[in-house]
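User: Please take a close look at one part of this model, the packing of a pair of helices, and set that part in the context of the chain around it.

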Amino acid sequence: MPRDYNGSATSCLRRCAGRVGPPVRVMHARLCDQEVVMSPDHRAILDQIRFAPEALRQALATVPPGAHDRSPRPGEWSVRETLVHMRNSVVMVHGLRIRRLLYERDPVFADYDEATYRAEDLRRGEPLEDLVRMIVHEHEQIAGLLDGLPDDRWARQGRHPELGPMSVEFLARRVAEHSLEHTQQIAETARAL
Ligand code: NI
């Protein structure tokens, strides 16, 4: 049976979604009657994405109560602003592009006006818990999409008009790196408040 995300493997992946860790591989293999081989590199990226929400929660726990809207220094982002940026990046850039790469051939990615989206969202005053919930959920969703994805699918590429080619692997790595960068930023902000 060819492993293609347009075919039966999709429903298999869906049935496995939400489970974490090694049982996914076992369940996936049993349902599809086929072992999915992921390289250690891809497995490591997946593990980093899965760990990101917990790291974020730990960093947020160090923010003094009521200080989420305070800028640590002139011109620097508050915790809220960092969370808005994280949410928008993982949902509207990384998550969207990874999904398009799984469903489409050679997609062209739209540009993303980060500063405008961030400013608009800050004006809306979303509850902090909603921002965190969306970030956590999107990381879980992306991990679910990538778990069991055969190595050749990680090489699928789309193209950004200015930034050039982007593969599933590149974007997945960016999910993990970007989350870590801004989680560290939140931890540093909390220390400076
Ligand atoms: Ni960023």
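**A helix pair and its surroundings**

Analyst: Among contacts between residues at least 6 apart in sequence, 75% join residues at least 24 apart in the chain. The model is a predicted one. Eight helices and two strands make up its secondary structure, and their order along the sequence reads α-α-α-α-α-α-α-β-β-α. Of the 193 residues of the chain, 30% count as buried.

The part to examine is the pairing of helix α3 (residues 40-60) with helix α8 (residues 168-192), whose axes come within 9 Å and cross at roughly 15°. Because of that angle, α3 is roughly parallel to α8, the cut-off for this description being an angle under 35 degrees. The crossing in which α3 passes α8 is left-handed.

On the α3 side, the contact is made by I45, Q48, I49, A52, A55, L56, A59 and L60. Their counterparts in α8 are A172, R173, V175, A176, S179, L180, T183, I186, A187 and A190. By character, the residues of this contact divide into 14 nonpolar, three polar and one charged.

One of the α8 residues named above, A172, also belongs to the surroundings of I98, which is placed in helix α4 (residues 79-103). I98 counts as buried because 27 C-beta neighbours lie inside 10 Å, where 20 or more are required. Leaving aside neighbours within four places in sequence, I98 is in contact with I142, L145, V168, L171 and A172. For one of these partners, L145, the separation along the chain is 47 residues, while the C-alpha atoms of I98 and L145 are separated by 8.7 Å. A172 is thus listed both in the contact of α8 with α3 and among the contacts of I98.

Next to be considered is the strand pair. Strand β1 (residues 157-160) and strand β2 (residues 164-167) run antiparallel and are joined by four bridges. They form a hairpin, with three residues between the two strands. Within this pairing, G158 has M166 in β2 as its bridge partner, and H160 is bridged to G164 in β2.

Other parts of the chain contrast with the buried position of I98. D106 is located in the loop between α4 and α5 (114-124). D106 counts as exposed because 10 other C-beta atoms lie within 10 Å, and the limit for that class is 12 or fewer. Most residues other than glycine have a negative phi. D106, which is not a glycine, has a positive phi of about 50°. Helix α5 has eleven residues, of which the number buried is zero, so α5 lies largely in the open. After α5 comes G125, with a positive phi near 60°.

To return to the helix pair, the description of its packing rests on two values: axes that come within 9 Å and a crossing of roughly 15°. Added to these are the left-handed sense of the crossing and a contact whose residues include 14 nonpolar ones.

Note on methods
Residues are numbered from 1 along each chain as its sequence is written. This is a predicted model: local features need pLDDT of at least 70, side-chain atom pairs count only at pLDDT 80 or more; totals for chains, interfaces and linings use all residues. Axes are lines fitted to C-alpha atoms, for helices over the stretch in contact, and angles run from 0 to 180 degrees between N-to-C directions. Angles under 35 degrees count as roughly parallel, over 145 as roughly antiparallel, 65 to 115 as roughly perpendicular and the rest as oblique. A crossing is left-handed if the near helix is turned anticlockwise from the far one by less than a right angle, and right-handed if clockwise. Two residues are in contact if their C-beta atoms, placed from the backbone, lie within 7 Å. Ala, Val, Leu, Ile, Met, Phe, Trp, Tyr, Cys and Pro count as nonpolar, Asp, Glu, Lys and Arg as charged, and the others, Gly among them, as polar. Two strands pair if DSSP finds at least two bridges between them.
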